[in-house]
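Dear colleague,

Please find below the structure that I am handing over to you. My notes on it follow directly after.

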Amino acid sequence: MSPSSKKQEELSYEAAFAELESIVAALEGESRALDESIKLYERGQALAAQCAAMLEKAELKVQQLSGDTLTNFEGQA
Amino acid sequence: MSQIPLFDNPRLTVTEFTRRVRRLLEGDQALADVWVQGEISNFTRATSGHLYFTLKDPGASLRSVMWKGDALRVRGMPLQDGLSVEAHGKISVYEPTGQYQLIVDILRPAGEGALYAEFMRLKALLEAEGLFAPGRKRHIPELPRKIGIVTSATGAALRDMLNVLRRRLPLAEVVLVASPVQGAEAPPALVLALQKLDSIIKPDVILLGRGGGSIEDLWAFNDERVVRAVAGSTTPIISGVGHETDFTLVDFASDLRAPTPTAAAELATAITVLDLAGALQADRERLDDVLQRKIENQRSELDSLITVLRFYSPRRKLQNESQLLDDLVRRSTLALRQRFSLENVHLAGATHRLKSLSPLSVLSRGYAVVTGAQDGRIVQDSSQAASGSELHVRLARGSLNVKVQESFPQES
């Protein structure tokens, strides 16, 4: 796994979506070289796919704080 | 003491008497709108839906009835003999039995009136302090990443809230700080739970809730300590306590009041996973569109450039140049050829002249070439050959070695 894709994995949904938004805005706004546009587009595609996967796989994480320790809460399904 | 006349005619019938008593009693304003406290006994729920019971205390009993329409409002109450209650109603007389009775329209557990008074007192106090002021309300985030929950770990409220969050925003993280939500230990535990979430976890929003119950059950949410903790939180708090109709002081102090725990979880997730998916899809389409457009623009720009290039194409010039080159090559080849044949003619003439100049052809006419035998130099002067020196004489055919007998200088 390349460093840049690892970095992508760690992005939160909000961060990935915000970057996607800024890429779309950048592509729509400024005129730039085609190869640069394609690079941005590819990055945007990767972010979009990543966001979609995150939405698809999202599962509510529930933890319980008792005392000063956080534990996974499995009290109720 | 006066004698009672035995033979007077009766002045009132029983009915008339009873009516008079009834008018008397029902005309008393103090008995027409009254709260009475006592203990329920002889409780009966008639098939008609009316409730019949006796209110009593150690000194007296009061027959009471609650009509079906009013009885509907106390369906949740555990009405039974021995229960201490406060009943509101008016006095009435039931003529067939001559019984006076209390027609009850409001029935509540004893002590609730005191609680209500306390509620109003505290509400006024905290309101005067500005704890409920709209200006204090913190903004509720539309898309929280981390959601704190303070409620009982085993209650239906928690299950309801988690179900809503799972359905609406499974991307979120939930941190539960469990606390008892009723009883004497509830208020300090609720305060501690809120403070721990606020200071350690720092979620984007806190849901504070519990399911429905009696006013005593919900009383912890009217506790001054809890109300102050809610007002003092730096994290925005959504309260969802009891049912639609229940209002607690926490509801006034919180940043947003939800009618139920379920509604609190819904209000905390204004943006749902469906909204996110929609926005994502829209962005993907924009992304594709913008690149498509860019490529089309580039293509048409390229096309027009190619057209311009064709217009200014050097091809024709190139063809001309190439023709010119061919011409030059042809002409130079021709020139070279002419030059060569000219040179050939010159060469032939020169060869001929060279031949005519060859000394060998002179020899054939009887001349000889004399050279020094030692140095090979052509001898043209008698001084070059002293007497006794040897010479070499080349003839037209063959040669001679001769010795000079005498040398004569050139005659002047």
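In this predicted model, 30 residues of chain A are in contact with 31 residues of chain B. On the side of chain B that touches chain A, four elements each supply at least two residues: helix H5 (156–168), strand E7 (173–178), helix H6 (186–201) and helix H10 (273–311). H10(B) gives the largest share of that side, namely twelve residues. By residue type, the side of chain B that touches chain A comprises 21 nonpolar, nine charged and one polar.

The two chains also share a sheet. Seven strands form this open sheet, in the order E2(A)-E1(A)-E7(B)-E6(B)-E8(B)-E9(B)-E10(B), with mixed pairing. At its edges lie strand E2 (69–72) of chain A and strand E10 (256–258) of chain B, each of which pairs on one side only. Direction ignored, neighbouring strands are turned against each other by 25° on average.

Where do the chains join within the sheet? Strand E1 (residues 61–66) of chain A and E7(B) run parallel and are joined by four bridges. Val62(A) has Val174(B) as its bridge partner in E7(B).

Within chain B, strand E6 (residues 146–151) and strand E8 (residues 205–210) likewise run parallel, joined by four bridges. Here the bridge partner of Ile149(B) in E8(B) is Leu207(B). H6(B) packs on the sheet and touches E6, E7 and E8 of chain B together with E1 of chain A. The direction of H6(B) makes about 165° with that of E6(B).

With kind regards

Notes:
Residues are numbered from 1 along each chain as its sequence is written. Chains are lettered from A and ligands numbered from 1 in the order in which they are written. This is a predicted model: local features need pLDDT of at least 70, side-chain atom pairs count only at pLDDT 80 or more; totals for chains, interfaces and linings use all residues. Two residues are in contact if their C-beta atoms, placed from the backbone, lie within 7 Å. Ala, Val, Leu, Ile, Met, Phe, Trp, Tyr, Cys and Pro count as nonpolar, Asp, Glu, Lys and Arg as charged, and the others, Gly among them, as polar. Two strands pair if DSSP finds at least two bridges between them. Axes are lines fitted to C-alpha atoms, for helices over the stretch in contact, and angles run from 0 to 180 degrees between N-to-C directions.
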